[in-house]
Amino acid sequence: QTMWLDSLSSQDLDAADIGKDGKVDLYEFTRFILARYEVVSDKVFDDIHRNFVSLDHDGSGELSNEDIARTIGLFKAQESRYRSRVVSVSPAPSERRSLRI
């Protein structure tokens with residue numbers, strides 16, 4: 001299936017204009033076409049956007065090695081905090097039972 005529009009109506013332009021600035025950039029056009037041809041749902045685009053924003057720690061709109069390093073550092077810190085909360089639990093001596101065969 002070819003994903004090609006020969007024309008764009010004003011209604012299409014409004015639907016594609018996510019930023020509501022009266023213009024459609026390449027991202028908006030790509031999202032519009034993929035949604036129009038039901039290749040990708042809006043939910044998937046929204047998930048991708050949220051994922052990108054969560055990785056873009058400096059808010060630059062671009063992912064850098066520094067963003068990724070910070071993400072890895074945050075993940076390791078969370079993992080360390082989680083591991084410190086894990087407690088080994090064994091039954092009290094009075095609750096232990098012997099298995100006799």
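# Exercises on a four-helix chain

Tyrosine 27 is partly exposed, its relative accessible area being 39%. The model is predicted.

**Exercise 1. Find which ring pairs with tyrosine 27, and describe the geometry.**

Step 1. Start with the count. The structure has 1 aromatic pair.
Step 2. Name the partner. Tyrosine 27 pairs with phenylalanine 45.
Step 3. Check the distance. The ring centres lie 6.3 Å apart, and the cut-off for a pair is 6.5 Å.
Step 4. Check the angle. The planes stand at 85 degrees. Angles over 60 degrees count as edge-to-face, so this pair is edge-to-face.
Step 5. Place the two residues. Tyrosine 27 sits in helix α2 (residues 26-36) and phenylalanine 45 in helix α3. They are 18 residues apart, so the pair links distant parts of the chain.
Step 6. Look at the cover. Phenylalanine 45 is buried, at 9% relative accessible area, whereas tyrosine 27 is partly exposed.

**Exercise 2. Work out what aspartate 12 touches, and which parts of the chain its salt bridge ties together.**

Step 1. Locate the residue. Aspartate 12 belongs to helix α1 (residues 10-16).
Step 2. Classify it. Its relative accessible area is 14%. Buried means under 20%, so aspartate 12 is buried.
Step 3. List the contacts. Leaving aside neighbours within four places in sequence, aspartate 12 is in contact with Phe32 and Arg36.
Step 4. Examine Arg36. The side chains of aspartate 12 and arginine 36 make a polar contact of 2.6 Å. The two residues also form a salt bridge, with the closest N and O atoms 2.6 Å apart.
Step 5. Trace the link. Arginine 36 lies in helix α2 and aspartate 12 in helix α1, so the salt bridge ties together parts 24 residues apart in sequence.
Step 6. Compare the ends. Arginine 36 is partly exposed at 40%, while aspartate 12 is buried.

**Exercise 3. Sort two further salt bridges: which lies within one helix, and which links two helices?**

Step 1. Note the total. The structure holds 5 salt bridges.
Step 2. Take aspartate 42 and arginine 31. Their side chains meet at 3.7 Å, N to O. Aspartate 42 is in helix α3 and arginine 31 in helix α2, 11 residues apart. This salt bridge links two helices.
Step 3. Add their exposure. Aspartate 42 is partly exposed at 42%; arginine 31 is buried at 12%.
Step 4. Widen the view. Arg31, Asp42 and Asp46 are joined in a network of salt bridges.
Step 5. Take aspartate 47 and lysine 43. Their salt bridge spans 2.8 Å, N to O. Both residues lie in helix α3, 4 residues apart, about one turn of the helix.
Step 6. Add their exposure. Aspartate 47 is partly exposed at 30%; lysine 43 is exposed at 54%.

**Exercise 4. Say which residues make the nonpolar surface patch, and which helices supply them.**

Step 1. Name the members. They are Phe52, Val53, Leu63, Ile68 and Ile72.
Step 2. Give the area. The patch covers about 380 Å².
Step 3. Assign the helices. α3 (42-55) and α4 (65-85) each supply at least two residues of the patch.
Step 4. Test one member. Valine 53 is in helix α3. Patch residues need over 30% relative accessible area, and valine 53 has 46%, which counts as partly exposed.

**Exercise 5. Describe the whole chain.**

Step 1. Count the elements. There are 4 helices and 0 strands, in the order α-α-α-α from the N terminus.
Step 2. Weigh the burial. Of the 101 residues, 11% are buried.
Step 3. Describe the surface. The chain exposes about 8800 Å², and carbon and sulfur atoms supply 55% of it.
Step 4. Check the contacts. Among those with a separation of 6 or more, 27% join residues 24 or more positions apart.

Conventions
Residues are numbered from 1 along each chain as its sequence is written. This is a predicted model: local features need pLDDT of at least 70, side-chain atom pairs count only at pLDDT 80 or more; totals for chains, interfaces and linings use all residues. Side-chain values use heavy atoms; hydrogens and water are left out. Patches are made of residues with over 30% relative accessible area and no salt bridge: like charges are joined within 9 Å, nonpolar side chains (Val, Leu, Ile, Met, Phe, Trp, Tyr) within 5 Å. Accessible areas come from the Shrake-Rupley method with a 1.4 Å probe; for residues, only the protein chains shown count as cover. A salt bridge is a side-chain nitrogen of Lys or Arg within 4 Å of a carboxyl oxygen of Asp or Glu. Buried means under 20% relative accessible area, exposed over 50%, partly exposed in between (1.4 Å probe, protein chains only). Rings of Phe, Tyr and Trp (its six-membered ring) pair if their centres lie within 6.5 Å; planes under 30 degrees apart count as stacked, over 60 as edge-to-face and the rest as tilted. A polar contact is a pair of N or O atoms within 3.5 Å; within protein, one must be able to donate a hydrogen and the other to accept it, and residues adjacent in sequence count only if both atoms are side-chain atoms. Contact means heavy atoms within 4.5 Å.
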